[in-house]
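Subject: Structure handover

Hello,

Here is the structure I promised to pass on. Please open it alongside this note.

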Amino acid sequence: YDQMESLRASLAVIGETRETPELESWSRTILIRPEGGRGGEVYLADDQNYILKRFSITPQQFEMVGVYGASNAGSTFDRTARRTYTSQRFFAMLRGLPAETRDRIIETEKLTEWESSTTRVGISDPEDGTVQVLVEQIVGGQVTIVPLSISEETLREIDVALGEAVPEVETP
């Protein structure tokens, strides 16, 4: 509760959390860290992850909130994801993959729908030959996490497409 009260006070300083009836059930705050000079996002949610209010936040405001580098230890996404990507970066990478590789990650029919509702994508560390891709979406005003299981081989292809690994070269 102390952390939530501190966060409420910090957000009030930047002028986004005036007491209104719509915020009476506010119990969770989801902060999307600003990246690459772009602003971040703040979602004020209730216990069922229903979004009560959403607003943008600058890197300077994010630092004012006093949570830079912090994560929500109670969130499945933040406990599991070891790497996090914006939806734009992840889905642009997916569109550049060969169809057979992309289909091992997400069904083609869902690609456009998920791209528009996804806020961020996380990738877990490999465990027993599989990796979890966590797709955080806002659907019907609620934050949901959709876990997708992929092989370590598919993860390697993702890493190459994201520029985080070099392609393996077969030697004769």
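Start at R156. Setting aside neighbours within four places in sequence, R156 is in contact with A165, V166, P167 and E168. Contact means heavy atoms within 4.5 Å. R156 sits in helix α7. Its C-alpha atom is 9.2 Å from that of V166, 10 residues away along the chain. R156 counts as partly exposed because its relative accessibility is 30%. The scale is this: buried is under 20% relative accessible area, exposed is over 50%, and partly exposed is in between (1.4 Å probe, protein chains only).

Some ground rules. The model is predicted, so local features need pLDDT of at least 70 and side-chain atom pairs count only at pLDDT 80 or more, while totals for chains, interfaces and linings use all residues. Residues are numbered from 1 along each chain as its sequence is written, and side-chain values use heavy atoms, with hydrogens and water left out.

Overall layout
The chain has seven helices and seven strands. Both are DSSP runs, numbered from the N terminus: helices are H or I with at least four residues, strands are E with at least two. The order along the sequence is α-β-β-β-α-α-β-α-α-α-β-β-β-α. Of the 172 residues, 39% are buried. Among contacts with a separation of 6 or more, 44% join residues 24 or more positions apart. The exposed surface is about 10,100 Å², and carbon and sulfur atoms supply 48% of it. Those areas come from the Shrake-Rupley method with a 1.4 Å probe.

The cores
A nonpolar core here is a set of buried Ala, Val, Leu, Ile, Met, Phe, Trp, Tyr and Cys residues joined through side-chain atoms within 4.5 Å. The largest has 20 residues, and F90, F91, L94, I123 and V133 touch the most other members. Two or more residues each come from α4 (87-96), α6 (108-117), β5 (118-123), β6 (130-139), β7 (142-151) and α7 (152-161). Helix α4 gives the most, with four. Take F90: outside its neighbours within four places in sequence, F90 contacts Y85, V121, I123 and V133. Another core lies apart, with seven residues, including L23, V42, L44 and I57.

The cavity
How many cavities of 30 Å³ or more does the structure hold? One. Its volume is about 30 Å³. A cavity is a set of points on a 1 Å grid over the protein atoms alone where a 1.4 Å probe fits but cannot get out; lining residues have an atom within 4 Å of a point. Volume is the space filled by probe spheres set on the points, which are joined across faces, edges and corners. The lining is F90, F91, L94, I105, I106, W114, V135 and L148. Helix α4 supplies the largest share, three residues. By class, the lining has eight nonpolar, no polar and no charged residues. Nonpolar covers Ala, Val, Leu, Ile, Met, Phe, Trp, Tyr, Cys and Pro; charged covers Asp, Glu, Lys and Arg; the others, Gly among them, are polar.

Two more residues
R79 lies in helix α3 (residues 76-80). R79 is partly exposed, at 46% relative accessible area. R79 and S124 are 45 residues apart in sequence, yet 9.1 Å apart in space, C-alpha to C-alpha.

D128 is in the loop between β5 and β6. At 77% relative accessibility, D128 counts as exposed. Its phi is near 55°, a positive value in a residue other than glycine. Most residues other than glycine have a negative phi.

Best wishes

Notes. On a 1 Å grid over the protein atoms alone, a cavity is a set of points where a 1.4 Å probe fits but cannot get out, and a pocket is an open set with protein on both sides within 12 Å along at least five of seven lines; lining residues have an atom within 4 Å of a point.
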